[in-house]
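Q: Can you go through the contact between the two chains with me? I'd like the counts first, then one residue.

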Number of protein chains: 2
Amino acid sequence: MRTRASYHHGDLRAALVAAAVGAARAGGPDAVKLTALAAEVGVSAAAAYRRFPDGLEDLLRATGDVARAELADRIARKVAAVRGSDPADVARRRFRASGLAYVEYVSEQPGLFAVAQRHPSCLPPGEAPDPHGLLEQRLDALVVEGLLPAERRPLASVAAWAAVHGLALLLAEGALAQLPAAQRRQAVDRTLDMVERGL
Amino acid sequence: MRTRASYHHGDLRAALVAAAVGAARAGGPDAVKLTALAAEVGVSAAAAYRRFPDGLEDLLRATGDVARAELADRIARKVAAVRGSDPADVARRRFRASGLAYVEYVSEQPGLFAVAQRHPSCLPPGEAPDPHGLLEQRLDALVVEGLLPAERRPLASVAAWAAVHGLALLLAEGALAQLPAAQRRQAVDRTLDMVERGL
DNA sequence: TCCTCATGTGAACGACAGCAACATGCCGCG
DNA sequence: CGCGGCATGTTGCTGTCGTTCACATGAGGA
């Protein structure tokens, strides 16, 4: 990162994305304002259009990719932290851990996550972070361990994702946002129990 | 409804809400612009502030209440349409019908529903439409018919709501928005199966 | 050294939220 | 019947923001 105040910035794109991520964390998608962020970075608004030809929408897509990467990382770490000697038990606990990580991330970063929801990735499919792919892996592991019948494997990811995604949104910015911490944990456990039993 | 073009409008508040509902149906929350809607109704922007002291936010809350009322009505109708002679079977099918109605409404009116999500009601608790209350009624019926163990009744509404809410959002404006109709139906069935088994 | 193109600037336009001071007319009170 | 007050609307302004255009600058290669 160059602190030098030259005519050319050095890494304007990264600086703008970083500023946008900060604004989104604090105030959600509506707080990401191209004009204000360009000024914050020390650059005219028009300069931002060199790096983001479609303007604000491009910036929000890049910001959403940061959120998706953070989410995928959070899930991967929490899953990897689950250890044990019984493979079936590990598979089951890792599946729960992935759901829990999703809810935790959305609860901690509701504004940034909202950007990811509303603005699809600007990266090519191979490079884009893919939280959903991690869920598919967990479900495959459940099938391998005999915890999920193979005939129920199709569309299982949709059902599980829907439950966890909905719960996360209700807790983070929906009707359950005011729930005290103890009841939040109960709600998460109750929902994951339902998913586990019902999948 | 007065068509008369007098100095005083007659029912400006209702006219603005109706215009806002139309805009939200077509383009979501960001399409609701106080200035443009006031012009559409044939009134200056400042006039709208007489009826909505907090400006745009107030208008969006009132618009969200229309969405919540439509949703509650949709659910109530679909539930009431389920008839049969076996009370347990009726309770089970009515529970599914309420979830299906939720998904259908969100899929058909994603823009209007998004307003309801992001902007809480401006009505006193007693008068506000309450889709969630209808779900609680369905769950109570399941307990009465012995389809849901009483010890699982607490927080069951959270789990069921989360699954249906998440599914609706994924289908309406999320990653599953492009799914063809046949697979959409399968996704809904698969998710409701999970909820029914797992609750 | 000079040329070129990426990068950045300043100015301008239009849409919009919100506020303030002024205008209008409906309705009730004397 | 007339008059005055208050709800209702209006014009006009300020500030923010997205977006575009013509122009300026400077870094690096021919």
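Q: How many salt bridges are there between chain A and chain B?
A: The count is 0 in this predicted model, where a salt bridge is a side-chain nitrogen of Lys or Arg within 4 Å of a carboxyl oxygen of Asp or Glu. Local features need pLDDT of at least 70, side-chain atom pairs count only at pLDDT 80 or more, and totals for chains, interfaces and linings use all residues. Side-chain values use heavy atoms, without hydrogens and water.

Q: Which elements of chain A give two or more residues to the side that touches chain B?
A: They are α8 (156-173) and α9 (181-198). α8(A) has the largest share, 12 residues. Helices here are DSSP runs (H or I, at least four residues), numbered from the N terminus.

Q: And how much area is buried between chain A and chain B?
A: About 2400 Å², with 71% from carbon and sulfur atoms. Buried area is the accessible area (1.4 Å probe) that two parts lose on being put together, summed over both. In chain A, Leu155(A), Arg190(A) and Met194(A) lose the most, together 25% of what that side buries.

Q: Switching to His165(B): buried or exposed?
A: His165(B) is buried, at a relative accessible area of 5%; buried means under 20% (1.4 Å probe, protein chains only). His165(B) sits in helix α8 of chain B, residues 156-173.

Q: What is His165(B) in contact with, beyond its neighbours within four places in sequence?
A: Gly166(A) and Leu170(A) from chain A, plus Tyr102(B), Phe113(B) and Gln117(B) from chain B. Contact means heavy atoms within 4.5 Å.

Notes
Residues numbered from 1 in each chain as written. Chains lettered and ligands numbered in written order. Buried < 20%, exposed > 50% of the residue type's maximum accessible area, 1.4 Å probe, protein only.
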